[in-house]
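Here are a few exercises to work through with the model open in your viewer. Try each one yourself before reading the solution.

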Amino acid sequence: MYKLYQMSMWRRMTALFSALIFAAICIPWSPASASLSTMELPKATDAVEIMETTNNGFLHPGIGVTKDILENMRAQIMAKQEPWYSYYKAMLVSSTTSKSITSSNQNPMEPTKPASDAFNSQSFNSRFISDGLKAYTQALLYYISGDEIYRANAMRIIRIWSQMDPAKYTYFTDAHIHTGIPLNRMVTAAEILRYSSCKTESLRWTDQDTANFSNNLIIPVTETFLHDNNHFMNQHTYPLLGAMAGYIFTDNTDRYEEAVEWFTVNKTATDQGINGSIKQLFRLVDTNSVAGEKLDKPVIQHVEMGRDQAHGAGDITNAAIISRMLLAQGTKIDPVKGTVSNAPNAVDIFGFLDHRILTAANYFWQYMLGYDTPWTPVVYTMDANGNPMGIYRTISDFYRGRMNTAQFWDIYYYYTYSKGVNLSEKAPYFYEAFRKRIPPNYYYKGTLSKAWESPDGGGDFWLYIPPAAVLEGSNNVPKEMTSDAVVEIEDRYTALDSRSTTKQEGTISYVEITATDEGSTIVPLNLSFGQRTSTKLIGLKIRTQGIATLELSKEKNSVPFHTISLPDTKGQWRYVTFDMSIDRVSYAQMDENYSLMYMKVKGNGAQVDLDHFHVLAGSQLSVPAFASGSSTLNLFTYTGGTINADFSATDLSASGIITYEMADGPKGAILDAHTGAFTWTPTQIGTSSFTIVASDETSLATKHVKIEVTADRPSAVTAATTGYNSAENYVSASLATYTNAYTDVINHIATDTDAAFYAKLQTVREAVEGLELLNITLPDGSLNFVKMLSTSSFGNYLSSLTDHNDNSYVAYGLASNQYHTLDFGSKFKINAHVFEVQGRRSFPERISGLAVFGSNDEKNWTRLTGQLTVRTEEKQRLYVRDEYKNTPFRFFKLAIIEPQSTMFEISELRIYGQRHEF
């Protein structure tokens, strides 16, 4: 048995600031001046008494929230004191605060009975998830307001779940992941109700309530779903945070002490690679697991960041939730072993392994904010002898920059006020993230989301803000998001150099950037641009003094997926737009897997101001659109020949007046400012590159133009046909188009007028650009099948198969029958000799047992490869049998025929062979 140690700094902080808080409470409050109704804002006369007690060494209430924490939180809300008050108001937006709330497992015929007493499926668990949050919210509102309607609601929900049948609990897929948070919430609610006063006798917590709740819910949920220390990384801490709440409620000392060790070290876990303890998850890495070389200096590395950053955020959020319970209980632990200890060198949970949780949080945010972050290849799964079975070779870019799953900000308040630590020095990246964090209600993918309702928990961190934070007031309260269409860049971005700063001008705040030749870079964070569509027009509000370009990239030094010309707006705010296509590579940072991008502004000292993204530009903005399209136009002519071009644009707004201007245009060229008509008679050989700008009152569009001037008509034809190679084998239709265009221009080269010749010349150039190689290859010599396919089952994930990233993959839902098909069209067939495949990072079993089949009618399939893929993270080659190497097929099928998983997730695919035209 362990002893209850001295409580955290909460109690002393409460005493220190009691006079200040009391004065605030006693100030008369006028309902007429409040933004909340009197029902929602507590009054001093509605106080609910918390009856603090200890039993078997446990403090109650003590599942995270204690008497001190609850009393401080309520007092701050009554005083409308920030930062508590803003979070309280944000909580009230949740539907779980309704007074008319009902249980999701309520029997419609007998409202006090459960609709089902069998806990045996994911669909049923959704009721538990819903009711866990309802009970927790209603219990808190009862304590805050004193209104017994809230208590009645919470008691009714808990008493319904207290009637579950222990014999009808059955483990279901992922039960351990998705039952921990709702159990933690419901037990916390029961803890508040159990140790708080009430006036209505039927609403009092009884010993029978304790027995029913413990025996029919806490214990069977724990024993059936949660009590196991061998789950994968944060699949270990999700069940642990639920089980630990139950151990505290039931005063189970042995299990509590076991849970503490499982949280800190978990030395008995079978696989120490997947171990979700603090020690192994936030690991001290001393060896490069790929090279086998010892590091000169060991480093702390958050291992699950090799998987993705959504789970990485969950790891630290879970650590914070569990830590709240240990702090509430005053639990001290051995600084190395992690066991409950009363030794003089024992530390609280945050002091464990030299503040390992904080170090991991700082490392996490270094990467999430867009900074360069070193990564040492690290083992993430190993056999019983400690031999590596899987290695995270690189840090994952999935969900980088997304902040809505990271809810562990009470760590900031703990270190700042309970420990007096300057986090700007001790953990600068974590501190920076805290200052840029998102508000509790935020827009994500165009929908208003609420941190309070997150199924992953953590949105209640503000309950734990200590009294001393009253001194910071609203200084650190995140700015509200007011629109689903506008994403303010200045609210949260990372500046990677000293040439960017946030400015305020009246009611407008923005980022001011000085453009340089090498580029000035910022990284917007937590972008949410809604779901992908075939065209996704994004607006960017800019203001410039000078000409610049803006490069949008996925990584700091990667090839831009968009380059936007920023003309001189002469100090006027205008929107520029860009289209994020359906292709995942082009879409890059704006789909569900990425939440940041690198914005590099280049120019010779121009000032560029960036205000916000408009993510619904396609439907809400009137944007000029060039009749000739937005892509760069390559024109050809010769000296003395007059070239005419139409750069007119249209506007969605009938009243929109478009004007045109030319930046860096050739000498002597004329552009009509009202019509976009362009005329030029060049006098010298050379190349001229310039930009046409079409602008209305709010938006502008740019079009790059390149004109190559040669000596005469024959040389102009030669220039226009650059790119055609007679030695190449082209698809016949594209070659015929080119041949006809070329023949036409040559046959009339001496007789056509300038206008007719120019038109034919452009037709030739378009035909050259439309030439399609019969066998398009990737740099490794394999077929670029992405550009050859007619259809496939890969959906919008097709390009992820050739991006050299084993962490981008085709979602398993597209292969519900564990196979994928490729169709190269009715006019083409492929004879392949090798297929190369790779599975999704961390889940090599999801590609094991795969073979390749070929067909020409999609009915009769021939197995082409002899061997099957095995369970490995490496790329695997499947060789086509000799008898089929020269046989062409229109269709291919990649099928799992000896599965090791119910899911099929392919990350990389290569096809070595030749395409034939029929």
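**Exercise 1.** Work out how α10 and α13 are oriented relative to each other.

*Solution.* The two helices are roughly parallel (an angle under 35 degrees; 65 to 115 would be roughly perpendicular, over 145 roughly antiparallel, and the rest oblique). To see why, start with the geometry: α10 (residues 234-249) and α13 (residues 309-328) pack at about 20 degrees, with axes 9 Å apart. Axes here are lines fitted to C-alpha atoms, for helices over the stretch in contact, and angles run from 0 to 180 degrees between N-to-C directions. Helices (H or I, at least four residues) and strands (E, at least two) are DSSP runs, numbered from the N terminus.

Next, the contacts, meaning heavy atoms within 4.5 Å. On the α10 side they include Y238, L241 and M244, and on the α13 side H311, D315 and I322 are among them. By class, the contact has ten nonpolar, five polar and one charged residue. Ala, Val, Leu, Ile, Met, Phe, Trp, Tyr, Cys and Pro count as nonpolar, Asp, Glu, Lys and Arg as charged, and the others, Gly among them, as polar.

A quick note on the input: this is a predicted model, where local features need pLDDT of at least 70 and side-chain atom pairs count only at pLDDT 80 or more, while totals for chains, interfaces and linings use all residues. Residues are numbered from 1 along each chain as its sequence is written, and side-chain values use heavy atoms, with hydrogens and water left out.

**Exercise 2.** Find the angle at which α3 and α4 cross, and say which residues meet.

*Solution.* The axes of α3 (residues 67-78) and α4 (residues 84-91) come within 8 Å and cross at roughly 90 degrees. So α3 is roughly perpendicular to α4. Now list the contact: N72, M73, Q76 and I77 from α3 meet W84, Y85 and Y88 from α4.

**Exercise 3.** Is Q407 buried or exposed?

*Solution.* First locate Q407: it sits in the loop between β6 (388-392) and α15 (410-418). Its relative accessible area is 6%, so Q407 is buried (under 20%; exposed is over 50%, partly exposed in between, with a 1.4 Å probe and protein chains only). Setting aside neighbours within four places in sequence, its contacts include T317, R324 and F461.

**Exercise 4.** Which residue of β26 is the bridge partner of A645?

*Solution.* Begin with β22 (643-646), which four bridges join to the antiparallel strand β26 (residues 677-680). The partner of A645 there is F678.

Technical notes: Pairing = 2+ DSSP bridges.
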